[in-house]
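Here is an informal walk through one protein model, for anyone who likes helices and strands. Have a look at the structure, then read on.

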Amino acid sequence: MILEERPDGAGAGEESPRLQGCDSLTQIQCGQLQSRRAQIHQQIDKELQMRTGAENLYRATSNNWVRETVALELSYVNSNLQLLKEELEELSGGVDPGRHGSEAVTVPMIPLGLKETKELDWSTPLKELISVHFGEDGASYEAEIGELEALRQAMRTPSRNESGLELLTAYYNQLCFLDARFLTPARSLGLFFHWYDSLTGVPAQQRALAFEKGSVLFNIGALHTQIGARQDRSCAEGARRAMEAFQRAAGAFSLLRENFSHAPSPDMSAASLCALEQLMMAQAQECVFEGLSPPASMAPQDCLAQLRLAQEAAQVAAEYRLVHRTMAQPPVHDYVPVSWTALVHVKAEYFRSLAHYHVAMALCDGSPATEGELPTHEQVFLQPPTSSKPRGPVLPQELEERRQLGKAHLKRAILGQEEALRLHALCRVLREVDLLRAVISQTLQRSLAKYAELDREDDFCEAAEAPDIQPKTHQKPEARMPRLSQGRGPDIFHRLGPLSVFSAKNRWRLVGPVHLTRGEGGFGLTLRGDSPVLIAAVIPGSQAAAAGLKEGDYIVSVNGQPCRWWRHAEVVTELKAAGEAGASLQVVSLLPSSRLPSLGDRRPVLLGPRGLLRSQREHGCKTPASTGASPRPLLNWSRKAQQGKTGGCPQPCAPVKPAPPSSSKHPVWP
């Protein structure tokens, strides 16, 4: 994804389409929920401050009575924090009930809540930086600063659709422009970016712009999870859209994990992001299964189709078992809501039982097939480790043998579905999700009915233990990068000039305006390049040399007209039209300590071209005492991303580079 700058000089006060993803209807629908989340975040922040003060007082005092009073107060504060976190978990950590206007019953998915943030005032630091470094009146950029603040305010409540994603990516791209234009390794904006953890509600703040960019990228992934959970997966198209949304979410979390280290909040830690990736890929795999199993269109007599569904269900169960093991291990276990872990466990048991159910249907109701059409036994089943009885090359063909094996699989299906219902009843949050219980109960009733149909009064032989199903899928979902270019737009601060020259990385001196007249040989200079036009050569003794112009200067104004974005032909035309009266030029001369980026200098700008955070003291990082901040840097650009380890993902986009110099120099000699 290559960021683009606005090539023209259009005004900055135009109405921007970037705010379309934040409509009033969406704010009304989500207003109550987000308002309550914001209140809980503020209360958690207050309780954490009280706990920090109480802990400091407890360590500082030697009075026993004071210590007992403080200890009692700490117990109250910790209890309040626990209650607030549980309430936040119910609001943002619950499961999506699947209300999408369809009467079909589908298993609910797990969406991720967005990170909340406080309002931010960009005006003071940006105006000061524009005045000090760029030498322009910062007050004249109030329109641009207002547009940036409006964009940030709008992205705090994005709509749960593609417009909301475009809004978030538009703000993310503007942060990339800000990083490339205003920041250097030795300079920060001096702003504290305050964000609340999506999983725990614990606040964190930093001065590093990379924290703001990483949080926005996290919200892009979280919004993809909400879009995926809202799809109607009862039809194949809805399942496909949901799968793509979960793949995009996994790609966003993967991109964030590969480029962040020592994140200041638990939800952006490597362990949490890895667990979220696995969860999204498991839900994408579930969408693959749902896309293959329409409820009524497939005939139950299709033996091969039932066996494929069984192996697909076993694949989904295997994915959820992996996610459950990850969530059950610290430190993820301490951050992830309990309802998520419980739901993942329920789904693992449910889909494993569903695999046995489809095998039983294939064995008992499947139409007879030739030996060559049926898969081998080893292709469908996992051999039990204690089994010494050799298996045949294909599935059993005798009706009685098929009935006995199908009955064994039905027994395992019933036991698994009953276990899923038991796990569902143990979680208080899941007990409120009636849809999940309805799905499992409906499947259990079908299994019991089929088992009763197969059971016979004279069947005294105990059925053999049914083997496990071999996981297999025809479509293995892979993480896909979010479309960060869909919100690509012009740089809000384009009036400052092209980033190749006019950025905080470079230092320059403004010269002029100088009056340049035409001599016998013309103006005596050669121009090259576009936006801005470069003085490639100055003839000694010419009018240009006498005016003080030098090789390497950039023309920024011609006859009082700003020309930082002009093309080479436009500047030449303006100079030719000057006539005998001459032209007034204003140029900038780069100071020797500055260095323009070479064409091969490909610095990553996903989280900033300057790296993320060199030291905690340098950028004034602050985190609450409860986050257990270590003396290590909180954010760092990951070396493995620079070494080319992308995990199948494209490299982060490169900053805008200057256009290669033109091979033909145009002397301005009218």
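## A turn, a sheet and some helix pairs

Asn559 sits in the loop that links β8 to β9. This is a predicted model, and Asn559 is a handy place to start. Its phi is positive, at about 55°, even though Asn559 is not a glycine. Most residues other than glycine have a negative phi, and most peptide bonds are trans. Is Asn559 buried, partly exposed or exposed? Asn559 counts as partly exposed, because its relative accessibility is 34%.

Zoom out a little and the turn becomes part of a hairpin: β8 and β9 are its two arms, with 2 residues between them. The pairing of β8 with strand β9 (residues 561–562) is antiparallel and has 2 bridges. Ser557 has Pro562 of β9 as its bridge partner.

**The rest of the β8 neighbourhood**

How many residues of strand β8 (residues 554–558) are buried? The count is 5 of 5, so this strand is mostly covered, with buried meaning under 20% relative accessible area. Strand β7 (residues 533–538) is another partner, antiparallel to β8 and joined to it by 2 bridges. Here Leu534 faces Tyr554 of β8 across the pairing. Then there is strand β10 (residues 583–590), which pairs with β8 in the antiparallel sense over 4 bridges. Val558 is matched with Leu585 of β10 in that pairing.

**Just upstream of β7**

The loop between β6 (525–528) and β7 has some backbone quirks of its own. Ser531 lies in this loop, and its phi is positive at about 45° although Ser531 is not a glycine. Pro532 is in the loop too. The peptide bond from Ser531 to Pro532 is cis, with omega near -5°.

Which other residues are joined by a cis peptide bond? Pro330 and Pro331 are, with omega about 0°. Pro331 belongs to the loop between α9 (303–328) and α10 (332–335).

**The wider picture**

The protein has 18 helices and 11 strands. Of its 670 residues, 52% are buried. Take contacts between residues at least 6 apart in sequence: 79% of them join residues at least 24 apart.

**Three helix pairs**

Two packed helices are described by the angle between their axes and the distance between the axes. Here are three pairs from this model.

| Helix pair | Axis distance | Crossing angle |
|---|---|---|
| α5 (residues 162–182) and α6 (residues 209–229) | within 10 Å | roughly 165° |
| α7 (residues 236–259) and α8 | 8 Å | about 165° |
| α13 (residues 399–426) and α15 (residues 434–454) | within 9 Å | roughly 155° |

Start with α5 and α6, whose axes cross at roughly 165°. That angle makes α5 roughly antiparallel to α6. The crossing of the two is left-handed. Among the α5 residues that meet α6 are Leu165, Leu168, Tyr172 and Leu175, and the α6 side includes Val216, Leu217, Ile220 and Leu223. By class, the α5 and α6 contact has 13 nonpolar, 4 polar and 4 charged residues.

Next come α7 and α8, which pack at about 165°. These helices are therefore roughly antiparallel to each other, and their crossing is left-handed. On the α7 side, the contact includes Ala239, Ala242, Met243, Phe246 and Phe253; on the α8 side, Leu273, Leu276, Met280, Met281 and Val288 are among the residues met. Sorted by class, the α7 and α8 contact comes to 18 nonpolar, 4 polar and 2 charged residues.

The axes of α13 and α15 cross at roughly 155°, so the two helices are roughly antiparallel. α13 passes α15 in a left-handed crossing. The α13 residues in the contact include Arg403, Leu410, Ile414 and Leu421, while those from α15 include Leu436, Ile440, Leu444 and Leu448. The α13 and α15 contact breaks down into 11 nonpolar, 6 polar and 6 charged residues.

**A glutamate in α8**

One more stop on helix α8 (residues 270–292): Glu286 is found there. Is Glu286 buried or exposed? Glu286 counts as buried, because its relative accessibility is 0%. And what is Glu286 in contact with, leaving aside its neighbours within four places in sequence? The list runs to Val107, Met109, Arg233, Val316, Tyr320, Lys347 and Phe351.

Terms used: Residues are numbered from 1 along each chain as its sequence is written. This is a predicted model: local features need pLDDT of at least 70, side-chain atom pairs count only at pLDDT 80 or more; totals for chains, interfaces and linings use all residues. Side-chain values use heavy atoms; hydrogens and water are left out. Buried means under 20% relative accessible area, exposed over 50%, partly exposed in between (1.4 Å probe, protein chains only). Two strands pair if DSSP finds at least two bridges between them. Axes are lines fitted to C-alpha atoms, for helices over the stretch in contact, and angles run from 0 to 180 degrees between N-to-C directions. Angles under 35 degrees count as roughly parallel, over 145 as roughly antiparallel, 65 to 115 as roughly perpendicular and the rest as oblique. A crossing is left-handed if the near helix is turned anticlockwise from the far one by less than a right angle, and right-handed if clockwise. Contact means heavy atoms within 4.5 Å. Ala, Val, Leu, Ile, Met, Phe, Trp, Tyr, Cys and Pro count as nonpolar, Asp, Glu, Lys and Arg as charged, and the others, Gly among them, as polar.
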